Amino acid sequence: WTEQLNRATPEHVHLMTRCMEAWVFADGEKVAEFYGKDFKANALPKRKVLDEEPKPSLYAAIEKATKDTTKGSYGKVKHASALLKLVRPGKVAERCVSFQQLTHWLDTVIGAV
């Protein structure tokens, strides 16, 4: 294990965005479909690069957008796995640089095999 760690380069290290919800809520259309008619899409951050949204601000926006829905306020344990199945990778890549970098690296590494 130590030998493998010593061979690691910066290209091998991929940290997720500050907050996984940035990836989940980057595809507002699919999130809106999941939550239904009382979802307030306009409450979500408009920032072009959602990775840069401060975590407290993102959580506050998600709470405001989801609180009146029949599914209730967003909960990581309660909703994240279902939402991750719905969001479109292309939409996430449009707003999350960290996701773009990870998928580009994976495509490169897998394509080289």
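The exercises below work through a predicted model of one protein, each with a solution in steps.

Residues are numbered from 1 along each chain as its sequence is written. Because the model is predicted, local features need pLDDT of at least 70 and side-chain atom pairs count only at pLDDT 80 or more, while totals for chains, interfaces and linings use all residues; side-chain values use heavy atoms, with hydrogens and water left out.

**Exercise 1. Overall make-up**

Task: State how many helices and strands the protein has, and how much of the protein is buried.

Solution.
Step 1. Helices (H or I, at least four residues) and strands (E, at least two) are DSSP runs, numbered from the N terminus. The count is seven helices and zero strands, and the pattern along the sequence reads α-α-α-α-α-α-α.
Step 2. A residue is buried under 20% relative accessible area, exposed over 50%, and partly exposed in between (1.4 Å probe, protein chains only). Of the 113 residues, 35% count as buried.
Step 3. Accessible areas come from the Shrake-Rupley method with a 1.4 Å probe; for residues, only the protein chains shown count as cover. The protein exposes about 7400 Å², and carbon and sulfur atoms supply 59% of this area.
Step 4. A contact means heavy atoms within 4.5 Å. Among contacts with a separation of 6 or more, 70% are between residues 24 or more positions apart.

**Exercise 2. The nonpolar core**

Task: Find which residues have the most contacts inside the largest nonpolar core, and which helices supply that core.

Solution.
Step 1. A nonpolar core is a set of buried Ala, Val, Leu, Ile, Met, Phe, Trp, Tyr and Cys residues joined through side-chain atoms within 4.5 Å.
Step 2. The largest such core has 25 residues, and those with the most contacts inside it are Phe25, Tyr35, Tyr74, Leu83 and Cys96.
Step 3. At least two residues each come from α2, α3, α4, α5 and α6 (89-95). Helix α2 gives the largest share, four residues.

**Exercise 3. Two helices with a buried side**

Task: For α3 and α5, work out where the buried residues lie around the helix axis.

Solution.
Step 1. In α3, the buried residues are Val31, Phe34 and Tyr35. They cover an arc of only 90° around the axis, so they are on the same side of α3. The arc is that of the directions from the helix axis to the C-beta atoms.
Step 2. Glu29 and Glu33 are exposed on the other side of α3. The buried residues of α3 pack against α2, α4 and α5.
Step 3. In α5 (residues 76-86), the buried residues are His79, Ala80 and Leu83. Their arc lies within 110° when seen down the axis, so they line one face of the helix.
Step 4. Val77 and Lys85 are exposed on the face of α5 turned away from its buried side. The cover over the buried residues of α5 includes α2 and α3.
Step 5. Tyr35, one of the buried residues of α3, has contacts that include His79 and Leu83, with neighbours within four places in sequence left aside.

**Exercise 4. Loop residues**

Task: Decide whether Asp27, Lys37 and Thr69 are buried or exposed, and name contacts of each.

Solution.
Step 1. Asp27 lies in the loop between α2 (20-24) and α3 (28-35). The relative accessible area of Asp27 is 1%, so Asp27 is buried. Beyond its neighbours within four places in sequence, Asp27 is in contact with Leu86, Val87, Arg88 and Lys91.
Step 2. Gly36, just after α3, takes a positive phi of about 90°. Lys37 is in the loop between α3 and α4 (55-66). With a relative accessible area of 78%, Lys37 is exposed.
Step 3. The side chains of Lys37 and Asp38 are joined by a polar contact of 3.4 Å. A polar contact is a pair of N or O atoms within 3.5 Å; within protein, one must be able to donate a hydrogen and the other to accept it, and residues adjacent in sequence count only if both atoms are side-chain atoms.
Step 4. Thr69 is in the loop between α4 and α5. Thr69 is buried, with a relative accessible area of 7%. A polar atom of the Thr69 side chain lies 2.8 Å from the backbone oxygen of Thr66. Leaving aside neighbours within four places in sequence, Thr69 is in contact with Tyr35, Asp38 and Phe39.
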